[in-house]
Amino acid sequence: MGARRTARERALQALYQLEMTPGSAHEALESAWAATEEAHKEPEAVKFARELVDGVMGNRAEIDRLIEQHSHNWRLDRMSRIDRNVLRLGVFELKYRPDIPKKVSLNEAVELGKNFGTEESSAFVNGLLDRVAAALGKQ
């Protein structure tokens with residue numbers, strides 16, 4: 001598995017933990033890394049995971065507004081925690097990381113939905129992020 005995919009997984013786990021038990025992003029990420037069987041943490045993955053978590057937490061109000069604006073008939077608090085945080089990661093990448101192509105952000109979010117969410121998660125995440133990307137003018 002690539003460093004960025006690993007980083008996205010740890011970032012998702014940290015965001016989930018922060019929703020369940022408020023605390024520091026640093027502690028949540030350390031907990032996510034400690035819960036894995038990876039003997040060696042790639043510095044690139046650690047750095048990218050931190051960027052993702054800090055970015056989502058720092059821009060959460062705007063990210064949540066975009067998710068609610070483009071989710072048809074779904075309030076944020078009615079979404080599963082996994083779906084909500086996968087969407088937050090995807091929207092963060094789409095809006096604040098121009099270095100990451102739209103296709104990569106969408107594909108990675110769909111994979112996170114498949115791996116951590118329900119059977120419906122990947123389709124839900126894909127559709128909503130596609131609408132957000134279109135609204136942001138991401139090609």
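In this predicted model, D130 is partly exposed, with a relative accessible area of 36%. The acidic side chain of D130 forms a salt bridge with K102, and the closest N and O atoms of the two are 3.4 Å apart. This pairing ties together distant parts of the chain, since D130 belongs to helix α7 (residues 121-136) and K102 to helix α6, with their positions 28 residues apart.

Helix α6 is worth a further look. The helix spans residues 102-116 and also contains S105. With a relative accessibility of 2%, S105 counts as buried, because burial is assigned under 20%. Once neighbours within four places in sequence are set aside, the contacts of S105 are with E93, L94 and I100.

Attention turns next to E51, a residue with two salt-bridge partners described here, K47 and R97. Side chains of opposite charge can pair when their charged atoms come close. For E51 and K47, the closest N and O atoms lie 2.8 Å apart. Both residues sit in helix α3 (residues 43-58), and because they are four residues apart there, about one helical turn separates them. Their surroundings can be described through accessibility: K47, at 53%, counts as exposed, while E51, at 26%, counts as partly exposed.

The second partner takes E51 well beyond its own helix. The side chains of E51 and R97 meet in a salt bridge with an N to O distance of 2.9 Å. Here the pair links distant parts of the chain, with E51 in helix α3 and R97 in the loop between α5 (81-96) and α6, 46 residues apart. R97 has a relative accessible area of 13% and is therefore buried, the limit being 20%. E51 thus has salt bridges to an exposed lysine, K47, and to a buried arginine, R97.

These pairs can be placed in the setting of the whole model. In total, the structure holds 16 salt bridges. Some of the charged residues are joined through shared partners: E19, R60, D64, R81, R84 and R88 form one network of salt bridges. Among the acidic members of this network are E19 and D64, and the arginines in it are R60, R81, R84 and R88.

Definitions and conventions. Residues numbered from 1 in each chain as written. Predicted model: local features only at pLDDT ≥ 70, side-chain atom pairs only at ≥ 80, totals over all residues. Heavy atoms only, no water. Helix = DSSP H or I, 4+ residues; strand = E, 2+ residues; numbered from the N terminus. Buried < 20%, exposed > 50% of the residue type's maximum accessible area, 1.4 Å probe, protein only. Contact = heavy atoms within 4.5 Å. Salt bridge = Lys/Arg side-chain N within 4 Å of Asp/Glu carboxyl O.
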